[in-house]
Amino acid sequence: MLKDFWYACEFSSAVTNKPKQVLMFNQRFVLYRNSQGQIIALNDQCPHRGAAFSLGWVEKDCLRCPYHGWKFQADGKCVEIPSNAPETPIPKKAHVDSYPVEEKYGFVWLFYSDLPAAKRPLLPTFPEYMVSTMRPVYDDGIDNANYARLMEANLDFTHVIAVHKKSFGQRIPIDKTIKYQVDKYDWGAVAQVNYESLGNSKSFLNFLLGGRPELKTKLTLYLPNVTLAEISVGRGNRFDIKFGILVAHLPIDENRTRVKRVLYRNVLPIPWLDGFFRKIDHKLAQEDTIVVSTLNSQLMPQISEELHVAADALDITFRQFLQKSQADFSASIQEKQQQVVDVK
């Protein structure tokens, strides 16, 4: 699990005053709201016998363990053990880790690190036109594939002609070398590919858009676990059809990922059509998952272990970020181990 990042881990609407479990990298976290509506995040494992707090209950803004009723406050400190008299001191080890959380864009963001507030990175910023003017549709499910591999598929410009051949990929005109610029930032990377048209067939859509529609695709990586696809079909006028596909990938373990999707649209923004668009988005997402789940290695290979072409530039950038973060993490572990040896 990459440290020093904000993880989009749950939809805000899913967190209430009842404990909610979140799984990431084989670790359990628990979320709940206090009486002021603020979200509290703790390690979902009681230090007494290891029971999951998410099976317990909230009492006066504190969390009760479901096994023996030990009571923990928002900072993770135990403040009551029912089987001990009130004057009995509470052991110092009766404490669990707590985590900073923020809410933005309908997501709960959990900061996985012990960095002080002044050194934490800012939360990501999504396109204003998308979050303020387009209709969102939410979906949540578990995919039997590695989270990084799924993210890589969402950062791939050319897989659509094969993976999505039966749904829409047959209309994507990829018949030349795809090259593009990747802009790198501390929080991730972004790239864009424009296609001249979506084919030569005449249709009402062509008439409405004033000619054969152009396809513009912009893909953005927000480390550590979010991707965004901005898709525009049209001629650059007010009739352009636009979609935004925002995906948060929660790595449950090496082979399973909880996927939280938000599909933004400017076409037919009618609430009773949300189910229709959710169904389409889910179908397209599963076309990716079916293929990704069959990859020879679910763990992300080193860059040198596979073949690459120019069109893979954004995926390669993602792998570079992963490898650097993993190398930095390994170096920090070795440094801490060396410090322990030096002390001895």
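Reader: Which residues have the most contacts inside the largest nonpolar core?
Author: That core has 57 residues; a nonpolar core is a set of buried (under 20% relative accessible area, 1.4 Å probe, protein chains only) Ala, Val, Leu, Ile, Met, Phe, Trp, Tyr and Cys residues joined through side-chain atoms within 4.5 Å. Heads-up: this is a predicted model, where local features need pLDDT of at least 70 and side-chain atom pairs need 80 or more, while totals for chains, interfaces and linings use all residues. Numbering starts from 1 along each chain as its sequence is written, and side-chain values use heavy atoms, leaving out hydrogens and water. Topping the core's contact list are Leu-31, Leu-110 and Leu-314.

Reader: How many residues are in the second core?
Author: This one is separate and includes Val-30, Cys-46, Phe-72 and Ala-94. Its size is 15 residues.

Reader: Which strands stand at the edges of the open sheet 5-6-7-8?
Author: The sheet's four strands (DSSP runs of E, at least two residues, numbered from the N terminus) pair antiparallel, and pairing takes at least two DSSP bridges. Strands 5 and 6, for instance, share three bridges, with Val-58 opposite Leu-63. An edge strand has a single partner, so one side is left without a neighbour in the sheet. That describes strand 5 (57–59) and strand 8 (78–80).

Reader: What does Ile-270 count as: buried, exposed or partly exposed?
Author: Ile-270 is in the loop between strand 18 (256–265) and helix 5 (274–292), a helix being a DSSP run of H or I with at least four residues. Exposed means over 50% relative accessible area, and partly exposed lies between that and buried. Ile-270 has 30% relative accessibility, so it counts as partly exposed.
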